[in-house]
Amino acid sequence: MEEKADILILGGGVAGVATAWWLAARGARDIVLVERERQLGSHSSGLNAGIMRTTDPDPEVVQLAERSAIFLHTPPPGFAPRPLVDPVGLLLLSDEAGRASLERMVGLAGEVAPHERISREALRRHAPFYAGRPAVAFFFPGEGHLDVAALMQGFSRGAKNGGVTFRAGAAVERILVAGGAARGVVLAGGEEIPARTVVLAAGGWAGPLGRAAGSRVELRPTRRHLLVTAPDPAVDPRWPVLWQSHDGGFYCKPESGGMMLSACDQEDVDPDALATDEEVRALIAEKASRWVPSLADAGAAHFWCGMRTLTADGRFAVGLDPDVEGLFWVAGLGGHGMVCGPEVGRLASALLTGERPDDSLLPGLDPARLATAGRDAAGPDQPSGR
């Protein structure tokens with residue numbers, strides 16, 4: 001019997017499962033989520049740093065993050081067997097050149113993210129491992145580690161209990177388009193799943209899928225590397241997350257008995273050719289030798305890269321496609337997915353179920369702003385490669 005969907009969600013990362021969870025909570029039925037990999041959250045969602053940070057230079061992103069933070073700190077009863085946030089604290093630092101920018105960004109933080117400016121002496125107490133002498137430092141005591149696994153499991157379990165059908169290991173070959181409208185998808189192997197609405201929540205693959213269907217919306221998949229050092233008894237698991245904006249960016253936090261390090265690299269990437277770069281490993285080691293010298297000789301227990309899909313203005317794509325009827329975007333979360341996912345899923349589900357919420361953030365998320373002048377020459381009948 002042919003499977004049909006009212007709403008068909010493409011992608012099993014946080015954008016997809018959060019949207020599915022909220023749709024189920026609203027009583028929506030005939031929801032199907034398809035994911036190429038055998039396991040949900042195998043790409044961006046499962047490979048990110050797991051940092052609870054609501055600050056951002058964009059005030060609209062901050063509002064989304066702070067709304068989500070309420071959910072993350074106080075999830076619904078039974079959502080997760082343990083707290084989603086471990087508030088070890090978050091330190092934000094900058095040199096003199098970036099002082100004003102950091103102060104402006106911190107100034108956007110609301111009551112959800114209490115913070116204080118701290119002295120260098122206080123910084124040493126919070127982060128004895130750090131060797132820098134920043135011009136300004138802020139401490140957010142309620143932020144820190146985010147339990148990505150528990151969050152993803154909570155969303156997926158709740159969605160399944162609410163009647164959402166999950167199809168893992170189901171690669172989408174292309175979106176079915178007829179009469180200028182999305183009508184479902186064709187899976188690898190030829191199976192078709194008809195649908196009234198197709199939701200693009202496929203991270204770095206959302207852009208190619210959309211373009212092949214006739215959309216002009218453009219997204220930018222990028223790569224960022226992370227390294228976890230070998231376990232070290234000198235590492236205190238209660239140390240805060242430390243994030244400095246100077247020196248091209250650098251952050252670190254305790255992880256798995258060692259320290260997770262990132263040089264905040266960002267490079268455009270083909271989602272189907274994601275691979276680590278040894279030059280970035282060397283860059284991480286060089287930055288660590290200056291800012292966390294006690295780790296200079298620490299071996300790497302794990303080194304990997306994940307994908308961060310960006311938009312031209314840094315805001316997300318949530319809403320109907322401007323060109324293809326029945327095509328809906330929940331994409332371009334740009335590294336904010338784990339923190340902002342709960343609120344993004346709520347807004348997406350409201351729009352998908354016919355609500356028109358009076359929300360000042362929605363115009364800034366409209367995918368139409370990301371439409372380029374011309375359409376992809378491949379046209380709507382070409383396979384996308386997802």
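**Close-up 1. Asp-58 caps the N-terminal end of helix α2 in this predicted model.** The cap comes down to a side-chain oxygen of Asp-58 sitting 2.8 Å from the backbone nitrogen of Glu-60. Helix α2 itself runs over residues 59-73, and its 15 residues should span 21 Å at 1.5 Å a residue; the end C-alpha atoms are 21 Å apart, so the two agree. Plenty to look at on the buried side: Glu-60, Val-61, Val-62, Leu-64, Ala-65, Glu-66, Ser-68, Ala-69, Phe-71 and Leu-72 are the buried residues of α2.

**Close-up 2. Glu-143 is buried but has no salt bridge.** You'll find Glu-143 in the loop between β7 (136-140) and β8 (144-146). The nearest side chain of opposite charge belongs to Arg-53, 6.4 Å away. What Glu-143 does have is a side-chain to side-chain polar contact with Thr-54, at 2.6 Å. Beyond its neighbours within four places in sequence, Glu-143 is in contact with residues including Met-52, Asp-86, Pro-87 and Ala-113.

**Close-up 3. Phe-79 and Phe-155 meet edge-to-face.** The whole structure holds 11 aromatic pairs. In this one, the rings of Phe-79 and Phe-155 are 5.1 Å apart centre to centre, with 80° between the planes. The pair links distant parts of the chain: Phe-79 is in the loop between α2 and β4, Phe-155 in helix α5, 76 residues apart. Both are buried, and they share one aromatic cluster with Trp-21, Trp-22 and Phe-71.

**Close-up 4. Tyr-130 and Trp-291 form a stacked pair.** Here the centres are 6.1 Å apart and the planes 20° from each other. Tyr-130 lies in the loop between α4 and β7 and Trp-291 in helix α7, so the pair ties together parts 161 residues apart in sequence. Tyr-130 and Trp-291 are both buried.

Terms used:
Residues numbered from 1 in each chain as written. Predicted model: local features only at pLDDT ≥ 70, side-chain atom pairs only at ≥ 80, totals over all residues. Heavy atoms only, no water. Helix = DSSP H or I, 4+ residues; strand = E, 2+ residues; numbered from the N terminus. Buried < 20%, exposed > 50% of the residue type's maximum accessible area, 1.4 Å probe, protein only. Lys, Arg positive; Asp, Glu negative; His and termini not counted. Salt bridge = Lys/Arg side-chain N within 4 Å of Asp/Glu carboxyl O. Polar contact = N/O pair within 3.5 Å; in protein donor to acceptor, adjacent residues only side chain to side chain. Contact = heavy atoms within 4.5 Å. Expected span 1.5 Å × (residues − 1). Phe/Tyr/Trp six-rings, centres within 6.5 Å; stacked < 30°, edge-to-face > 60°.
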